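User: Hi! I would like to understand the terms used for this model. Could you take me through them one at a time?

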Amino acid sequence: MKVKYRIIILFAVLVGFQSCYRIMPSKGGGQLDDVPEKRNIEPTDVLLPDGYKIEVVTEGLTFPTAVTFDEEGNIYVIEGGYSYGEVFLAPKLLKIQPDGSTTTVYTGQ
C-alpha cells in the first residue's frame with residue numbers, strides 16, 4: 001500500500017513542477033514588457049569624483065563590449081553582436097567620429 005502512495009505523490013510532484021514552468025515561461029530579454037524606444041541619456045546621472053567630467057560622445061550603440069583609443073585620440077568601439085534573450089546581430093568594430101556618428105571599420109559574421 002505504501003508503494004502505491006509513493007508513486008501517486010511522485011506523480012503529483014512531477015506534474016506540479018511541469019505546471020510551474022508552463023505558468024511562467026521565459027520571454028527572454030530580462031522579462032521586459034515595456035521597453036522604451038529611445039534611452040534617455042543624462043550625464044548628470046553619473047556620480048564622479050571631483051576633477052572628473054563625463055559627456056555623451058555617441059548614441060545608438062546596440063551591444064558595446066569594449067572601447068579603445070588610438071595614438072591620435074580616435075575612439076573605437078566593439079559591438080559584440082549578441083545579448084541574452086537570443087538576440088543575434090553581426091559583431092562590429094566601429095570608429096566614433098568627432099560629431100558622434102559611427103563608421104563601421106569591420107563587420108564579423
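Analyst: Happy to! This is a predicted model, and a good place to begin is an open sheet of four strands, in the order β1-β2-β5-β6 with antiparallel pairing.

User: Why are β1 and β6 said to stand at the edges?

Analyst: β1 and β6 (102–107) each have a single partner strand, so one side of each is left without a neighbour in the sheet. Direction ignored, neighbouring strands of this sheet are turned by 25 degrees against each other on average.

User: How do you know that β1 and β2 pair?

Analyst: Pairing asks for at least two bridges between two strands. β1 and β2 (residues 75–79) have five bridges, in the antiparallel sense, so they meet that cut-off. Within this pair, Val67 stands opposite Val77 in β2.

User: What can you tell me about Gly73 in the hairpin of β1 and β2?

Analyst: The hairpin has five residues between the strands, and Gly73 takes a positive phi near 90 degrees.

User: What makes you say that β1 lies largely in the open?

Analyst: A residue is buried when its relative accessible area is under 20%. Of the six residues of β1, the number buried is zero, so the strand lies largely in the open.

User: Why is Leu48 called partly exposed?

Analyst: Leu48 has 31% relative accessibility. Buried would require under 20% and exposed over 50%, with partly exposed in between, so Leu48 counts as partly exposed. You will find Leu48 in the loop between α1 (2–23) and β1 (64–69).

User: What makes Leu48 part of a nonpolar patch on the surface?

Analyst: A patch residue needs over 30% relative accessible area, and Leu48 has 31%, so Leu48 passes that cut-off. Nonpolar side chains are joined within 5 Å. The patch is formed by Val46, Leu48, Tyr52 and Ile54, which have about 370 Å² of accessible area together.

User: And what does the protein chain as a whole come to in helices and strands?

Analyst: The chain has one helix and six strands, running α-β-β-β-β-β-β from the N terminus on. Of its 109 residues, 11% are buried. The accessible surface of the chain comes to about 9800 Å², with 59% of that belonging to carbon and sulfur atoms. Among contacts with a separation of 6 or more, 15% are between residues 24 or more positions apart.

Terms used
Residues are numbered from 1 along each chain as its sequence is written. This is a predicted model: local features need pLDDT of at least 70, side-chain atom pairs count only at pLDDT 80 or more; totals for chains, interfaces and linings use all residues. Side-chain values use heavy atoms; hydrogens and water are left out. Patches are made of residues with over 30% relative accessible area and no salt bridge: like charges are joined within 9 Å, nonpolar side chains (Val, Leu, Ile, Met, Phe, Trp, Tyr) within 5 Å. Accessible areas come from the Shrake-Rupley method with a 1.4 Å probe; for residues, only the protein chains shown count as cover. A salt bridge is a side-chain nitrogen of Lys or Arg within 4 Å of a carboxyl oxygen of Asp or Glu. Helices (H or I, at least four residues) and strands (E, at least two) are DSSP runs, numbered from the N terminus. Buried means under 20% relative accessible area, exposed over 50%, partly exposed in between (1.4 Å probe, protein chains only). Contact means heavy atoms within 4.5 Å. Axes are lines fitted to C-alpha atoms, for helices over the stretch in contact, and angles run from 0 to 180 degrees between N-to-C directions.
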